[in-house]
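Let's take a friendly walk through this model together. Have the viewer open, and we will go from the nucleic acid to the protein interior.

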Number of protein chains: 2
Amino acid sequence: MPTARPTHSFKTPCEHCPLRANRVFREFTADELDFVSKFKRGELAADAGATIIVEGAHSAHLFTVLSGWGFRYKTLEDGRRQILNYVMPGDLIGLQGTIMGEMQHSVEALSPVSLCVFERDKLMTLYNKHSSLAFDITWIAAQEERILDEHLLSIGRRTALERAAYLIAFLFERGRQLKLFNGHASIPITQQHVADTLGLSIVHTNKTLKKLANRNLIRWQERACEVLDGEGLKAAAGWEGLGERGRPFI
Amino acid sequence: MPTARPTHSFKTPCEHCPLRANRVFREFTADELDFVSKFKRGELAADAGATIIVEGAHSAHLFTVLSGWGFRYKTLEDGRRQILNYVMPGDLIGLQGTIMGEMQHSVEALSPVSLCVFERDKLMTLYNKHSSLAFDITWIAAQEERILDEHLLSIGRRTALERAAYLIAFLFERGRQLKLFNGHASIPITQQHVADTLGLSIVHTNKTLKKLANRNLIRWQERACEVLDGEGLKAAAGWEGLGERGRPFI
DNA sequence: CGGCTCATTGAGCTCTATCAAAATGAGTGG
DNA sequence: CCACTCATTTTGATAGAGCTCAATGAGCCG
């Protein structure tokens, strides 16, 4: 059973946060950086397949993903699972639990994930003393809302083929912006994940992905999806892309 | 063509805001109330069917719904429409446009709607000077995210009958919390709206709603859905309800 | 090797979409 | 009040998309 556990290397100092190197994220002022350093409590590492947060958890911490891939999901009582969105470096998780008392979804790691852990109780201080960071948190929440809107449009109104193309194009574009790929673009998901994201059965998902593979848009290899033609996927989905910059993180 | 237009009765003073009477909303301090009064620029009225915000709009205002029902939606290029969520009194709309520069969805009125209009430029002041209100905005955004998660679970994994029951139970519960019903609970939507929310065709939606009506859970009357048995709907959907209190508004 | 997960494929069936048409009701103008 | 129009709701027939069941192969690990 994979688990989440504290790392020995207690703390990467925020000044050397690997995320800061990427231009998709906005710059911090010295003052903000100083506060965030104190806000950070430590780090956590999760193996692939580990559950990072469970639905119903009460006093979950607040995390920022430093590296790795994961996903948020909900389940119905009989086990039907719906993947809501994917989490990647720079994403904030656990905000719901912090703000509203109880997590309404679970989070699981797709690959080894390392997380930055924040002091839940200091969130109010952040709002009181660092309004620019408070604004960033709202920005992040609004951005998540926007992505969920797009997913909803996709599941509700796109055909199976369009949906699959949209999902993979979406993950590809996010991964590319975050410079997660070296050479070939490989997304660490199984077809079961795709099925649970698109609201399709595993069998039909397989047949749909096969069609995309036959068009030379993707290739499926050892529990991962390799993207061969990102633009082709976007065209197949009729999707414009997300085109963002200056994304904040904490 | 229905339109949105400024009302003559320029301003209901925030001290007498009708929303404050409802216990689902949290109390304001005198200081907060004072700021919000100055933050408010005026009011807007929209007829049923009017478009309040269009996707792509650049400098949209920030609104709070004072009365009436509406919905947020997105469309694909060929016209397929997906309703993302419904807006009701106390809901904040236009945050995306304010925070990220451009609206990614449209908003339309289902019934006559009156809106409170806020000074977009003063939002930064709110974050700087009134962190409790800033926190409320984040709360509202996180709450919207939670609802979208539930909708996604519903569309992705519930059957047509469960989905329909969930949607109507959801709208009923929100309306009830907001005390929108007097006597009989009537939700001002057409079956086309239901179809576009559930990701189903209009014909199949009709047949599905008929099943709910045959079970005496709902009755369809003159462009509206009358709820006969809210608990029965929740049971049919396998849905727990939203159970919230102390909801903030601005 | 045996047991596991994941990907793949075929067959048959169910659910949902599409097409077509009629019934109902609200609103309009005469 | 009636004739007319338009949007909405309803129903039936048929096609197609997607589901379930079943079985197989490949790769991995103890």
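Helices here are DSSP runs of H or I with at least four residues, numbered from the N terminus. With that in hand, and keeping in mind that this is a predicted model, start at DNA strand C. The largest share of the surface near this strand, 4 residues, is supplied by α7(A). Chain B takes part as well: α7 (202-214) of chain A and α7 (202-214) of chain B each give at least two residues to that surface.

Now widen the view to the whole surroundings of the strand. DNA strand C is surrounded by 14 residues, and the closest are Gln191(A), Asn206(A), Trp220(A), Ser201(B) and His204(B). By character, the residues of this surface split into 5 nonpolar, 6 polar and 3 charged.

Which part of the strand faces the protein? Of the strand C atoms within 4 Å of the protein, 70% belong to sugar or phosphate, and the rest to bases. Individual atom pairs fill in the picture. The side chain of Gln191(A) has an N or O atom 2.7 Å from a phosphate oxygen of DNA strand C, and for His204(B) a side-chain N or O atom is 3.1 Å from a phosphate oxygen of the strand. Lys207(A) points us to a base instead: one of its polar side-chain atoms lies 3.5 Å from a base nitrogen.

Finally, turn to the protein interior. The largest nonpolar core has 131 residues, and Ile187(A) and Ile187(B) have the most contacts inside it. Leaving aside neighbours within four places in sequence, Ile187(A) is in contact with residues including Trp69(A), Phe172(A), Phe181(A), Arg223(A) and Val227(A).

Notes:
Residues are numbered from 1 along each chain as its sequence is written. Chains are lettered from A and ligands numbered from 1 in the order in which they are written. This is a predicted model: local features need pLDDT of at least 70, side-chain atom pairs count only at pLDDT 80 or more; totals for chains, interfaces and linings use all residues. Side-chain values use heavy atoms; hydrogens and water are left out. A residue is near a molecule or strand if one of its heavy atoms lies within 4 Å of it. A polar contact is a pair of N or O atoms within 3.5 Å; within protein, one must be able to donate a hydrogen and the other to accept it, and residues adjacent in sequence count only if both atoms are side-chain atoms. Ala, Val, Leu, Ile, Met, Phe, Trp, Tyr, Cys and Pro count as nonpolar, Asp, Glu, Lys and Arg as charged, and the others, Gly among them, as polar. A nonpolar core is a set of buried Ala, Val, Leu, Ile, Met, Phe, Trp, Tyr and Cys residues joined through side-chain atoms within 4.5 Å. Buried means under 20% relative accessible area, exposed over 50%, partly exposed in between (1.4 Å probe, protein chains only). Contact means heavy atoms within 4.5 Å.
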